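Here are some short exercises on reading contacts from coordinates. Try each one yourself before you look at the worked solution.

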Amino acid sequence: MKILVPVKRVLDYNVKPRVKSDGTGVDLANVKMSMNPFDEIAVEEAIRLKEKGKATEIVAVSVGPAKAQETLRTALAMGADRAILVQVDDGVEVEPLAVAKLLKAIADEEAPGLVILGKQAIDDDSNQTGQMLGALTGWGQATFANTVEVGDGNATVKREIDGGLQTVTVKLPAIVTTDLRLNEPRYASLPNIMKAKSKPLATKSPSEYGVDIAPRLKTLKVAEPAGRTAGIKVGSVDELVEKLKAMGVA
Amino acid sequence: MKTLVWVEHDGSTVKDATLATVTAAAKLGEVHLLVAGQGVGAVADAAAKIAGVSKVHVADDASLANGLAENVAPLVASLMGHHDAFLAPATTTGKNIAPRVAALLDVMQVSEILSVEGPKTFTRPIYAGNAIATVESADAKLVITVRGTAFDKAAREGGSGTVEAVGGAADAGVSSFVGEEIAKSERPELTSAKIIVSGGRALGSAEKFQEVIIPLADKLGAGVGASRAAVDAGYVPNDYQVGQTGKIVAPEVYLAVGISGAIQHLAGMKDSKTIIAINKDEDAPIFQVADIGLVGDLFTLVPELTGKL
């Protein structure tokens with residue numbers, strides 16, 4: 001079974017986003033970019049399935065600028081076998097719906113048994129691509145996965161839902177989106193980083209897949225959220241109790 | 001504009017998240033609801049009473065019993081011939097279903113809206129709430145998820161919507177429900193609690209979390225939350241997590257105990273009315289957003305606080 005793992009290049013998790021002064025977006029010039037953390041979890045899960053003998057090949061896919069090659073190389077260094085970059089011009093943002101259409105076209109060609117995606121990207125926080133791919137392929141979707149067990153022709157997935165966990169079984173081929181506690185992604189070793197450089201990486205364009213990536217949402221403005229300011233510090237529990245009483249809480 | 005709102009329910013009652021979604025929908029136009037499930041007549045009757053609702057569509061079918069997106073999404077899409085916008089609460093259920101509906105309609109979804117600025121214009125958080133984008137949709141139909149804490153809840157009484165059965169539900173045959181482990185608790189749910197006591201990594205263990213946080217929460221009648229670090233360390237189950245990737249909460253009082261205040265956590269609670277922080281590190285970022293701070297050892301301060309309330 002082949003596993004398709006889409007990955008996205010985003011502002012690094014540890015970098016505090018700065019809104020551009022002209023209100024057009026978040027400043028991405030000269031800041032560290034990395035693989036979306038939920039996608040790292042997706043790559044890791046695919047590798048573990050391959051190590052368990054449940055998968056034979058892992059294909060990493062990214063839709064993004066030329067620099068997204070670095071993100072794909074990271075996936076290859078972790079253990080993916082080959083990569084496909086659907087390249088767009090620098091600064092072009094491709095919305096989840098268009099990404100899902102590209103992934104559908106790639107899924108038609110590659111015929112994977114599973115597509116494992118991050119549940120959301122930490123830049124636009126949309127949380128849509130996996131579910132949209134589910135709609136376009138007609139496949140089952142197990143979103144927000146906490147554990148994944150691949151059986152004979154199906155996968156049983158424990159999902160993180162409000163209030164607890166839900167278990168569903170999806171027929172293969174299927175879509176899985178990862179939640180935080182599915183696994184802890186490995187770091188690529190130096191030899192594997194070197195090896196990844198010679199793994200195959202194909203570059204395609206959206207038009208080769210016949211997909212229109214024109215955005216449907218127009219961003220009119222990006223602003224800082226209303227800030228909170230630090231309040232007071234109290235010196236003792238008694239003072240805190242008084243404050244709570246004044247608020248009618250205690 | 002005619003809107004269709006996904007009613008989140010537990011088989012007998014309408015959940016609070018639905019009420020905030022109704023408020024958002026009412027800003028766009030006429031409010032219709034969709035109650036989907038099995039044996040949901042009572043839910044539909046309750047939903048029809050929500051203030052501002054003109055019609056409730058009820059789809060009662062075994063294939064809808066567990067809200068599987070594969071079965072629900074085609075049903076919703078089939079109703080969108082007569083509606084202009086589909087709105088779902090940004091709960092795990094809504095987030096699971098809405099994008100599947102959007103793609104069936106060839107619509108780009110607007111996720112987790114914070115406000116309605118115009119018939120097709122909304123604000124939404126990006127970068128874990130570190131920026132707020134104003135976006136305008138160019139699609140003919142709208143598919144939207146709504147952040148519950150950003151809108152007032154519609155009243156549960158006062159409406160007199162008509163109830164209408166809809167057919168056409170079917171099992172897509174690609175997924176099935178196996179089971180659920182839902183934590184049973186007498187405590188208020190995090191997303192609707194008036195007071196929340198949250199614990200962080202500084203608690204050090206699951207035992208200490210129980211020993212220190214729970215008695216205080218009991219005293220205050222509060223919901224119990226946790227930082228991602230505390231959840232990852234196994235002190236409490238995943239559904240306690242407050243933060244951008246966990247639950248977004250906005251209680252009257254949020255008491256953060258031993259939580260340093262990572263951006264990710266702040267994104268989940270910074271809309272709380274009053275934030276109180278107890279932390280031994282006086283430079284912890286949590287104090288930059290806290291209305292009331294108390295610096296010191298939580299293992300002495302919190303039991304003392306519990307005792308004095």
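The exercises below use this predicted model and go from the domains of one chain to the contact between chains.

**Exercise 1. Describe how domain 1 and domain 2 of chain B meet.**

Solution.
- Step 1: Start with the bounds. Domain 1 of chain B covers 2–165, and domain 2 covers 190–308.
- Step 2: Place the two parts. Their C-alpha centres are 31 Å apart, and the contact draws on 6 residues from domain 1 of chain B and 8 residues from domain 2 of chain B.
- Step 3: Turn to area. About 690 Å² is buried between the two domains of chain B, with 52% coming from carbon and sulfur atoms.
- Step 4: Find who contributes. On the domain 1 side, Ala128(B), Arg147(B) and Thr149(B) lose the most area, together 63% of what that side buries.
- Step 5: Look for specific pairs. The search across this interface returns 0 salt bridges and 0 residue pairs in polar contact, with both residues required to be at pLDDT 80 or more.
- Step 6: Finish with the classes. The domain 1 side that touches domain 2 in chain B holds 1 nonpolar, 3 polar and 2 charged residues.

**Exercise 2. Work out what chain B and chain A bring to their interface.**

Solution.
- Step 1: Count the residues. Chain B gives 84 residues to the contact and chain A gives 76 residues.
- Step 2: Add the area. Between chain B and chain A about 6700 Å² is buried, 56% of it from carbon and sulfur atoms.
- Step 3: Pick out the leading trio. Arg100(B), Met108(B) and Tyr127(B) supply 12% of the area that chain B buries against chain A, more than any other three residues.
- Step 4: Tally the pairs. There are 7 salt bridges across this interface, as well as 48 residue pairs in polar contact, both at pLDDT 80 or more.
- Step 5: Sort the chain B side that touches chain A: 40 of its residues are nonpolar, 24 polar and 20 charged.
- Step 6: Zoom in on one bridge. Asp232(B) and Arg181(A) join their side chains in a salt bridge, at 3.0 Å from N to O.

**Exercise 3. Which rings have a Lys over the face, and how many aromatic pairs does the whole structure hold?**

Solution.
- Step 1: Check within chain A. The charged end of Lys119(A) sits over the ring of Phe144(A), 5.7 Å from the ring centre.
- Step 2: Check between the chains. Lys233(A) lies over the face of Phe287(B), 4.6 Å from the ring centre.
- Step 3: Search for ring pairs. Over all chains, the whole structure gives 0 aromatic pairs.

Definitions and conventions:
Residues are numbered from 1 along each chain as its sequence is written. Chains are lettered from A and ligands numbered from 1 in the order in which they are written. This is a predicted model: local features need pLDDT of at least 70, side-chain atom pairs count only at pLDDT 80 or more; totals for chains, interfaces and linings use all residues. Side-chain values use heavy atoms; hydrogens and water are left out. Domain bounds come from an automatic or database domain assignment. Contact means heavy atoms within 4.5 Å. Buried area is the accessible area (1.4 Å probe) that two parts lose on being put together, summed over both. A salt bridge is a side-chain nitrogen of Lys or Arg within 4 Å of a carboxyl oxygen of Asp or Glu. A polar contact is a pair of N or O atoms within 3.5 Å; within protein, one must be able to donate a hydrogen and the other to accept it, and residues adjacent in sequence count only if both atoms are side-chain atoms. Ala, Val, Leu, Ile, Met, Phe, Trp, Tyr, Cys and Pro count as nonpolar, Asp, Glu, Lys and Arg as charged, and the others, Gly among them, as polar. Rings of Phe, Tyr and Trp (its six-membered ring) pair if their centres lie within 6.5 Å; planes under 30 degrees apart count as stacked, over 60 as edge-to-face and the rest as tilted. A charge sits over a ring if NZ of Lys or CZ of Arg is within 6 Å of the ring centre and within 35 degrees of the ring normal.
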